[in-house]
Every structure is written in C-alpha cells, then in structure tokens.
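I am keeping these entries as I look things up, one topic after another. I start with the surroundings of the ligand and then turn to the chain itself.

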Amino acid sequence: MQDGPDPLAGLSAALAEIRGAGLGRHMRLLEKAQAARCVVDGREVLNFSSNDYLGLAADPRVRAAALEGIAAHGVGAGSARLIAGTFPPHRALEEALAAWKGTESALLFSSGYHANLGILTALAGEGDVIFSDALNHASIIDGCRLSRARTQVYAHRDAAALECGLAAARRAGAGRLVAVTDTVFGMDGTEAPLREIAAAARAHGALVVVDEAHAGGVLGPRGAGLAAAHALGADAVHVQMGTLGKALGAAGAFVAGARTLVDYLVHRARTFIFTTALPPATAAAAAAALRIAASPEGDRRRAHLAALAQRFRAGLTARGLRTTAPEGSAAPIVPVLVGDPQRAMRACEALLERRVWAQAIRPPTVPPGTERLRFAFTAGQTVADIDEALAALDAAHDLVRGGPLASALDAAHDLVRDGPAASSPGATRKAPTAR
Ligand code: PMP
C-alpha cells in the first residue's frame, strides 16, 4: 500500500507528452547477428542502421577469439581493473591499440560513454574551460557538465570561433583549456577540421581531446582514425578516445596518448576506477577485430565502404534529397534530412515495408527540425543494396522531400551561432540541454 503521493505520478503524463510530440521510442528486436541483412521484428531487411562499419561484429575469427577468451578467462572480469580485474587480454589489447594509434600507451574503458565522462572529469574542473563542438556526442556533453569546468560551445566545425574563444579565455586567466570534438560526427557524417583545431589549441596551450568513435577502423592509414589521417601525433592531439563497439565489432572503448596521460587517468578517471573491467573475452574479440581492421583486408573493406557511401550520396544528390554528409568524404554515414519527427518515423516505416531499414533519428539525438533517416553503411553491403535503398527512397519520396527543412536547419544553426559563445568570445555557454 502506498501512503504518500505516488512517486511515479507524472511519468505517464510526461511519456504521453513525449509520444504526442512524435518522439516516442521503442527498441526493435534483431533475431540473429548484426549483419548487412538482418532479421528485425520478424522481417528480413537490408540493415542501414548499425555502426558495424567493417562487418566484424559476427566475423567467425572475432567470434572464435571471444570463445577462446571465455574458455581461458570465464565470462565476467569479476572486479574493477585496479583491484582484481586485469587479465592478459586487457594488457594485450592496450598494447595493440597503442601501437595502432602510434601512441606510448592506451587504456581500456567499459564503453565510449564511460571514456568520455572519465576523460573530461579527470582533465577539467573548476576554473578550467572546455570548448565543445555544438554537435558533439551526448557523452561529451555530459562529461562537460560533470566536470564542473565552464563549457563554451562553438558552432559546428568552426575552428575560428574556437580560436577566438581560446584566446579570450587565456586573456581572462582561465585555468586549463580543453578543446573537445568528435572527429566524424555520427549523426551527420561531417568531419572536424582537426588541423585547424590542433593549431588553435597549440597557439593557446590547450589540450585537444578527440572522439574517434565513428572514424576508428574507417578512416586513416590502417584505419587508425582521422588524427592519423592528418598525421597529427600525440603532441598535437593529446587525447584520442576510440570505441570498440562500432567498426571493431565488439564493445568497450579506449584512450590512447602519452604514458603520463594514461597514468593520470588510471589515478583520476572515476569511470575507469569504479567500474567492473571489460570482460576479458570482449578484449580478446576486439584484439582479433583490430588485427583484421589494421590489415590489407581492412584496407579493402574500407575502400568498398567508402565507395558504397559515395554511391549513395551521389544518388541523393541526383534526387535532390538533402544530406549533411560532405561530398567526397569516406565517412560511412550519409543521413537523409527529413525535418519533421512524425514524417521521419513514417518514412522509416515506409522504407521498412520495402525491407530497407534506416532508423529515424529525432531529438534529443539531433536538433529539432533536423530529423533524419540515418543511413550508415557496412562493408558487407553490395552496390545492389545501395541501389535498393535509393529505390526505396524513391517510393517514399513524398515523405522524405518537402517540408520546412531549410528554415529549420538554419534555425538549428542560429541557435548555436547566436549563443554568447559566438557573440562574445569570452562568455560561457552551457552545453545545449536538448541533447
Ligand atoms: N562517442 C560517440 C561519438 C558515439 O557515437 C558513441 C556511441 N553512439 C559514444 C561516444 C559512446 O560509445 P559507447 O557506445 O561505447 O558507449
């Protein structure tokens, strides 16, 4: 019996409001493995919704490594890394990741979300200023909030605004300055101007933190990411976060950088210290995936993936459909902008009817007015699959075309541009609450 007021009262009303705004969510069920063709909610579909970019999540060699890891070390780590949870696969993977990234050291985290929270809270605190791209991932936004540093959001990819903000913060006597950015933006397919960001940071003595979640395994030599693609070493990009759950097909994440940085994170990153270690078998699986990703086979998969994304993007242009993905980019993410939550959902369903699955992405994942179908590609797809996706878009063209998208996109950008971060470089702006 409940005596006082129902503590859950209000949740149903809030849910009704969320659903009424076309923002209700549910989890679709994949019956078999993650793959280019998968069975979702009982229906076989072409899968354009995963981040399994290299098609390694169900690769037999990666599965075998996981099974061997379980045979040797059991299922769970049973403890945090610093207590009784460090196993040989953790060490081996950290060494392989550091070698791949060309850094002195690397440190595993249980997820990308943990990694970003851990990095930002360890490296920034009161008196410090974090400069964050307006479209950075939610885990970066939350890391900024948790850190207690001032957060100054700069317009998407605007290295000049970042430079201006860094200079002002330096003049104002701020403590540590940190510039943080996704390298490939997972919902947009855009790339951070890393060279310009690194140059601005160098000029003002700021730390550069990059999130390579969507670039790792996909861009750069041996798939080592966008920093590697620009030949930016650990002296220019100090903290590289990467994930193991996307192109590497496993789960977890890592930070690569100087030994001092990693050692510091071991002592100060609370999301590293106070959580159970990644299962050793997962580390073994990620190491097997990394061997493939960094090999000539990985190069072939990357070339195919880039060709698929470019074919799709060209198909959108030919149809007059809008995307945020830049022309010529090798990033495997090419969203189709719709600009309305309900229409995005209906378009997603219409495509599913034609057995093409590109999940609708709505706020708070993307700014209101920029709702989209996120097409992400995987090396297991064929050119025919891309053409089938384009044909499905033709069939749903009334849903994906039209609407007040242009003004909504501009409004979303103005939201960022008109903030105090841009209008008065020294001022602080909180990380956007919408995301
Ligand atoms: N950063 C970015 C840019 C991401 O897209 C994601 C996952 N969507 C994360 C971090 C979080 O990684 P994880 O899924 O391993 O928690």
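Entry on the ligand shell. I looked up which element gives the largest share of the shell around the ligand, and found that it is α4, with three residues. I note at once that this is a predicted model, and I keep that in mind for each entry that follows. The elements that give two or more residues to this shell are α4, which spans 112–123, and β8, which spans 239–243. I then asked which of the 13 residues around the ligand come nearest. They are G112, Y113, D211, H214 and K246. Sorting the shell by class, I found three nonpolar, seven polar and three charged residues.

Entry on polar contacts. I looked for side-chain atoms that approach a nitrogen atom of the ligand, and I wrote down three cases. For D211, a polar side-chain atom lies 2.6 Å from a nitrogen atom of the ligand. For K246, the distance between an N or O atom of the side chain and a ligand nitrogen is 3.2 Å. For H137, a polar side-chain atom is 3.4 Å from a nitrogen atom of the ligand. I also checked how much of the ligand is covered, and the protein covers 79% of the 390 Å² of accessible area that the ligand has on its own.

Entry on salt bridges. My search of the whole structure gave 15 salt bridges. I looked at one of them, between R61 and E297, where the closest N and O atoms are 2.8 Å apart. This pair links distant parts of the chain, since R61 sits in helix α2 (residues 60–73) and E297 in helix α12 (residues 296–319), 236 residues apart.

Entry on the backbone. Most residues other than glycine have a negative phi, and most peptide bonds are trans, and I therefore looked for exceptions to both habits. I found a cis peptide bond joining P363 and P364, with omega about 10 degrees. P364 is placed in the loop between β12 (360–361) and β13 (372–376). I also found that R157, a residue other than glycine, has a positive phi near 65 degrees, and that R157 is placed in the loop between β5 (150–154) and α6 (159–171).

Entry on confidence. The chain has a mean pLDDT of 92, and 92% of its residues reach 70 or more. Over residues 413–435, however, pLDDT stays under 50, and for this stretch the model has 53 contacts beyond four places in sequence.

Key:
Residues numbered from 1 in each chain as written. Predicted model: local features only at pLDDT ≥ 70, side-chain atom pairs only at ≥ 80, totals over all residues. Heavy atoms only, no water. Near = heavy atom within 4 Å. Polar contact = N/O pair within 3.5 Å; in protein donor to acceptor, adjacent residues only side chain to side chain. Areas by Shrake-Rupley, 256 points an atom, 1.4 Å probe, with all protein chains shown as cover. Helix = DSSP H or I, 4+ residues; strand = E, 2+ residues; numbered from the N terminus. Nonpolar A, V, L, I, M, F, W, Y, C, P; charged D, E, K, R; others polar. pLDDT = per-residue confidence, 0-100. Contact = heavy atoms within 4.5 Å. Salt bridge = Lys/Arg side-chain N within 4 Å of Asp/Glu carboxyl O.
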